[in-house]
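Here are my notes on the model you sent over. Have a look at it first, then read on.

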Amino acid sequence: MASLVGSRVERKEDKRFLTGKGRYTSDINIANQTYAIFIRSPHARAKIKKIDTSKALKSSGVVEILTGEHIAQDKIGGLIAGWAIRSEDGSEMKCPANPPLAKDSVNFVGDPVAVVFAETLDEARAAADLVKVDYKVLKAVSNLSEAMNSEAIHDGIEKNLCYDWLLGDRQKVKEAFEKADKIIKLDINNNRLIPNAMEPRACVIDYNTASEEITCYTTSQNPHLSRLIMSAFGGVAPENKLRVVAPDVGGGFGSKINLYNEEIVCSWASKKIERPIKWVAERTESFLTDTHGRDHITHAELAVTNDGKFLGFKNETIANLGAYARVFGTVTPTYLFGPCATGVYIMPAAYSNVKAVYTNTAPVDAYRGAGRPEATYTIERIVDKAAMELGMDPIEIRMKNFPTEFPFKQTLVHQIDSGDYVAGLNKAKEMADYDGFAARKKESESKGKLRGIGVTSYFEACGIAPSPVVMMLGCGVGLWESAEVRFNPTGQVTVYTGSHSHGQSHQTTFAQIAADELGVPMENIDVVHGDTDKGTFGMGTYGSRSLTVGGIAIVNACKKIVNKGKRIAAKMLEASPDEVDFKNGEFVVAKSNKKKTIGEVAFASYLPGVRDEVKSPLPEGDEPGLIESSFFDPANFSFPAGSHICEVEIDPETGHVKLDKYTAVDDFGTIVNPLIVEGQVHGGLAQGIGQALYENAQYDDSGQLITASYMDYTMPRADDLPNFNLGFTCTKATTNPLGVKGCGEAGTIASTPTVMNAVINALGGKEISLPATAEKVWKACKEMKKSNAKAA
Amino acid sequence: MKTFNYHSAKDVKEASKLASSNSAFLAGGMTTIPSMKLGLASYKDIIDIKRIKKLSGIKVSGKTVTIGATTKHSEVASSKDVKKAIPSLAALAEGIGDPQVRNRGTIGGSIANNDPAADYPSACIALNATIHTNNRSIVAEKFFTGMFETCLKSNEVIEAIEFSIPEKSSYQKLPNPASRYAIIGVYVAKHKTGINVGVTGAKSCVYNDKDLAGALTKNFSSSAIDNVKISSSGMNTDIHASSDYRANMVKAFAKKAVDAC
């Protein structure tokens, strides 16, 4: 049987998703359900003086209206930050309480204060209009750069500062900078983004009054984690009385990692009103309350020699947490950002200093790439600036500072097991026809257009591990993953995984690897996920971890199955287990034609006997059945890397940036399914390009989100994008048996700096902030024209 | 959405009779329905005029193209007659919204709504359109009176829009990257009787830019526009484009339009 790992198998999910047969949370309806509408703060910052529900309670169809007072009475806990970060001075980070319904104060537009449950959605809406909330409006802190000098939003959190974190050695950096020929300085922003999953958040809660069990169907990337938090911190119900099911999930990009207010409130309320509850976010609610991404202001400095060698690097960043610290909110701008800021380079000295601050805006958390795009943007922009100031080619300066030996100890944390950065950049250079750029630039100029080329080399640290280190750094949980592989008596296989797909095609990829391990056709393998009642436990899907952590747990469970199968086959074939080989789904006794298929062994394991004779195929000590589980905790992250090159053409008359060519060369180690991996790269590129050219979440001075709909928030569209030119190199990961590395975030990480480097290259080095919108580019073109005229 | 009475009018007379100050005519519903869903608008009566056959269709006579009020954008975009008579008008329709919008949205709905960033009003201005209603005919320059405002009475139904066929014309727009409405759209049309430059998106209401038209009357070439000063005063400013940028883009896109004529 040919290996399925490496083949372009069509997605098992396609039929379901492309024919409208997906089953999402909002497709679920429970008999006798009520409908929830949340009443949200229209103010960015206010004290709640009084909530009057009397009129609304009398409105038609209303079942119940609950507020923060009820939450407090029932001692329901709030939302939490998953990582505890310590400041440079040793003090612990400062986090405000974040009750599921605000009782005393609201801190961003959209912060929920009350909830209406009614017989119909229209009745719930009508009643919600009658709930009167009396606010004392306070001055909002909405500007990130002014947040530390503004009034404290939360009691006891001075300067709105959650932590002031340092990674690296200031003294060493100081010494390195003293030796430099030149110091390159760069001030940049990293624009705030709204994740915009196609499926809005939703939950459907079914409380069983007899068994006292709550079932929460929800849009989650990690249902087990949601159950854990809802039980341990929310106090909604003990874990054994709480089932969390995430059926098909239509995209998350990190925004569905968090357990949100609505899931806690509806789960708790369903028990209180003894009725099922359905809540589905409207698009505006998604804009306002899904966790946002990015939002940094950074000052960076790079110390270089005249011939382009890097000596040291400083990264001073202010990161916006929004109103509250959420699950990955505090780690994203620290351990996921700081270490990666020195990029793929030998950097003798470096530090990252991050001040995370609260503002009256939606909470900011992990968004595709989470910290690594911000880090890569910082280093790749300053490396290009260095090349420009030194008069060097951007490829030459990168090559000059790449490590060539692996494992490579990266400056701040990571021990990178494998990679070949030179090969990746060389391949990208060739595929992009880098040498032909000058001719294309000339041609653009003959049409009155500007043309620029941008290069980025990146690495990513994904599949955060190992758990003891993760927990030592402040994480509240370990980041292993579990799997269980079950043979049915008749030979089909069910794989239970703690990873959960929100678009990643786990049902295909995981079936491919299990099929290879077990020698069973892929069609006979089903992958089950997303239900705390099915499978052991799981940490979920984010940070490009599913294959490198969850997939390996499946491989390991399969290996255990094969080992048990060998023992059974040996007994059945009257041989010793050492003599039995397993290949292509068959247990074969060496140097003989005696064999049993794995299906026969599975059958025998469940039906361990024969007629008229007391005879078991099971060796002494082995139990019936063929089911094995595994928890995999990798020894380290996996480190995909690559180089991207793009070209833009700018119309100086309008400032329009046309993305003309895009080449991505990535090293993801072993590729299980090229079709799916290419799809991941395409999607990632679109999102990173979106950040570079289009997307920008903006709040006004009073803290109102002024990009709260698709009329104002610009998503990248198909006609904005060129055909992507993809290439791959392969150095296998040494930290897992498949040699795989994560691929989900790479496109997002590399493409933002690649595009901005190209835009700024076209503008002759003139800095502009993210995103490079037409008007900004047009202004830069005008200034460039002026300064060119002066020079002439 | 608040509850309302739905009426499907069988003819224009019935539609007009049902209308009140608290009603809306429904054609494509591309603005009315989202506004109602978002709670920005509510009506006692919704009067559906889609089933009135007489209101839909395209007729080309020697000098004019007449398009029925409930004719969809996709029908205008794909009409061989329109493409032949006024190709720029078919191209404009092809560039409205997305396929879903073009397959539902209507020309009458677009001009009755008079969104300051809509495409069709600039065509009406540039192509000397006459708007025929159930009780009068109105020239385009008098029809559009302000932001989302027209001279239509509440019981007045647009029946058809009659465009003059120009010698040359082109519509060029800078789309808002998010909504794809026009940040600015410039429709240049050269008629035997004169030149019009219909500008949408720039101000609170579509207008005929007389300065640009004047310069082009003297010399119909994009270089003629170079020396025209376009003031940013009165131009819209939003997160996508400042008034200064808009003023400059009116000029840039007028040049593009002339070059494309």
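The points below go through chain B, then the contact of the two chains, then chain A.

1. Before anything else, keep in mind that this is a predicted model. Everything that follows was computed from it.

2. Start with the sheet in chain B. It is open and has four strands in the order β11-β12-β13-β14 (chain B), with antiparallel pairing. The edges are taken by β11 (168–175) and β14 (207–208) of chain B; each has a single partner strand, so one side of each is left without a neighbour in the sheet. Helix α10 (residues 210–218) of chain B packs on this sheet, where it touches β13 (194–200) and β14 of chain B. The direction of α10 makes about 145 degrees with that of β13(B).

3. For the pairing within that sheet, look at β11(B) and strand β12 (residues 182–191) of chain B: eight bridges join them in the antiparallel sense. If you want a register check, B:Q172 has B:V186 in β12(B) as its bridge partner. Helix α12 (residues 243–260) of chain B lies across β11, β12 and β13 of chain B, and runs at about 40 degrees to β12(B).

4. On domains, chain B is split into domain 1 (5–164) and domain 2 (168–260). Taken over C-alpha atoms, the centres of domain 1 of chain B and domain 2 of chain B are 23 Å apart. Their contact draws 23 residues from domain 1 of chain B and 24 residues from domain 2 of chain B.

5. Which elements supply the side of domain 1 of chain B that touches domain 2 of chain B? At least two residues each come from α5 (87–94), α8 (120–126) and β8 (144–146) of chain B. The largest share is that of α8(B), with five residues. By class, this side of domain 1 of chain B has 13 nonpolar, eight polar and two charged residues.

6. Between the chains, the contact takes twelve residues from chain A and ten residues from chain B. The side of chain A that touches chain B divides into six nonpolar, three polar and three charged residues.

7. In chain A, I'd look at a helix pair: α17 (residues 674–693) and α18 (residues 746–762) of chain A. Their axes come within 7 Å and cross at roughly 40 degrees, which makes α17(A) oblique to α18(A). The crossing of α17(A) and α18(A) is right-handed. Residues in the contact include A:G683, A:G684 and A:G688 of α17(A), and A:G747, A:A750 and A:S751 of α18(A). The residues of this contact divide into ten nonpolar, ten polar and no charged.

8. Strand β12 (residues 277–280) of chain A pairs in both senses. With strand β1 (residues 34–40) of chain A the pairing is parallel, over two bridges, and A:Y35 stands opposite A:K278. Strand β9 (residues 202–208) of chain A runs antiparallel to β12(A) and is joined to it by four bridges; here A:A202 has A:V280 as its bridge partner.

9. Finally, some backbone details in chain A. The peptide bond between A:F406 and A:P407 is cis, with omega about 0 degrees; A:P407 sits in the loop between α10 (394–401) and β16 (408–409) of chain A. Another cis peptide bond joins A:A465 and A:P466, with omega about -10 degrees, and A:P466 lies in the loop between β18 (450–459) and α13 (467–472) of chain A. A:N160, a residue other than glycine, has a positive phi near 55 degrees; its place is the loop between β6 (132–137) and β7 (161–168) of chain A.

Methods
Residues numbered from 1 in each chain as written. Chains lettered and ligands numbered in written order. Predicted model: local features only at pLDDT ≥ 70, side-chain atom pairs only at ≥ 80, totals over all residues. Pairing = 2+ DSSP bridges. Contact = placed C-beta atoms within 7 Å. Axes fitted to C-alpha atoms, helices over the stretch in contact; angles between N-to-C directions. Domains from an automatic or database assignment. Nonpolar A, V, L, I, M, F, W, Y, C, P; charged D, E, K, R; others polar. Parallel < 35°, antiparallel > 145°, perpendicular 65-115°, else oblique. Left-handed = near helix turned anticlockwise from the far one by under 90°.
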